[in-house]
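Student: I should like a close look at a single part of this structure, together with the contacts that relate it to the rest of the chain. Please set it out as one connected account.

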Amino acid sequence: QLQLVESGGGLVQAGGSLRLACVVSGRTFMYAMGWFRQAPGKDREFVAAITWNGGSTTYADSMKGRFTISRDNAKNTLYLQMNSLKPEDTAVYYCAAGSMSTTSQAYKYWGQGTQVTVSS
């Protein structure tokens with residue numbers, strides 16, 4: 001069993017930056033990791049994913065060039081650096097552990113989420 005705890009969310013103006021972190025505890029950190037987000041009234045959507053060793057990453061098209069996913073396996077921590085934030089990035093952001101995929105069904109373990117609000 002894994003426990004995932006996100007942090008780093010908050011209120012930021014459009015054009016600003018935030019860095020989210022997800023600390024993982026439990027059996028092992030050697031899973032692929034992903035970030036997803038869910039805005040009010042919308043389905044959960046894929047943001048970015050990274051393989052267990054950090055060797056490969058993938059992003060949703062709307063995040064490419066603005067968001068960077070990374071991990072520090074020595075610290076059991078996953079990161080999401082978000083730059084050039086837009087109001088439409090406002091959502092609850094979730095980290096997840098599982099198999100490398102852009103679909104939420106591939107991820108077995110989820111955090112509780114952290115709110116990101118981007119003001120215009």
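**A hairpin and its surroundings**

Tutor: In this predicted model, strand E7 is joined to strand E8 (residues 77-82) by 6 bridges, and the two strands run antiparallel. One pair of facing residues in this arrangement is Thr68 and Gln81, the latter in E8. Together E7 and E8 make up a hairpin, with 4 residues between the strands. Within that turn, Asn76 has a positive phi of about 50°.

The two faces of E7 can be told apart by their covering. Phe67, Ile69 and Arg71 make up the covered face of E7, whereas Thr68, Ser70 and Asp72 lie on the uncovered one. Thr68, which stands opposite Gln81, thus belongs to the uncovered face.

The hairpin is part of a wider arrangement. An open sheet of 4 strands is formed in the order E1-E3-E8-E7, and its pairing is antiparallel. Strand E1 (2-7) and strand E7 (67-72) are the edge strands, each pairing on one side only. On average, and with direction ignored, neighbouring strands of this sheet are turned by 15° against each other. At the E1 edge, 6 bridges pair E1 with strand E3 (residues 18-26), again in the antiparallel sense. There, Ser7 of E1 is found opposite Ala21 in E3.

The nonpolar packing comes next. In soluble globular proteins, nonpolar side chains tend to be buried together. Here, the largest nonpolar core comprises 36 residues, and Leu4, Met33, Trp35, Leu80, Met82 and Tyr93 have the most contacts inside it. Met33 shows how such contacts reach the sheet: with neighbours within four places in sequence left aside, its contacts include Leu4, Cys22, Val24, Ile69, Arg71 and Leu78. Of these, Ile69 and Arg71 are on the covered face of E7. The contacts of Met33 also include Ala48, Ala49, Ile50, Ala96, Ala97 and Tyr107.

Charged side chains provide a further set of links, beginning with the loop that leads to E7. Arg66 and Asp89 meet through their side chains in a salt bridge, at 2.7 Å from N to O. Because Arg66 lies in the loop between strand E6 (57-59) and E7, and Asp89 in the loop between E8 and E9, this pair ties together parts that are 23 residues apart in sequence. Arg66 and Asp89 are both buried. Through shared partners, salt bridges join Arg37, Glu45, Arg66 and Asp89 into one network.

Asp89 also forms a salt bridge with Arg37, where the closest N and O atoms are 2.8 Å apart. That pair links distant parts of the chain, 52 residues apart: Arg37 is in strand E4 (residues 32-38), and Asp89 is in the loop between E8 and strand E9 (91-98). Arg37 is buried, with a relative accessible area of 6%, and Asp89 is likewise buried.

The remaining member of the network is Glu45, whose salt bridge with Arg37 has its closest N and O atoms 2.5 Å apart. Glu45 is partly exposed, because its relative accessible area of 35% falls between the limits of 20% for buried and 50% for exposed. A search of the whole structure finds 4 salt bridges.

Definitions and conventions: Residues numbered from 1 in each chain as written. Predicted model: local features only at pLDDT ≥ 70, side-chain atom pairs only at ≥ 80, totals over all residues. Heavy atoms only, no water. Pairing = 2+ DSSP bridges. Axes fitted to C-alpha atoms, helices over the stretch in contact; angles between N-to-C directions. Buried < 20%, exposed > 50% of the residue type's maximum accessible area, 1.4 Å probe, protein only. Core = buried A, V, L, I, M, F, W, Y, C linked by side-chain atoms within 4.5 Å. Contact = heavy atoms within 4.5 Å.
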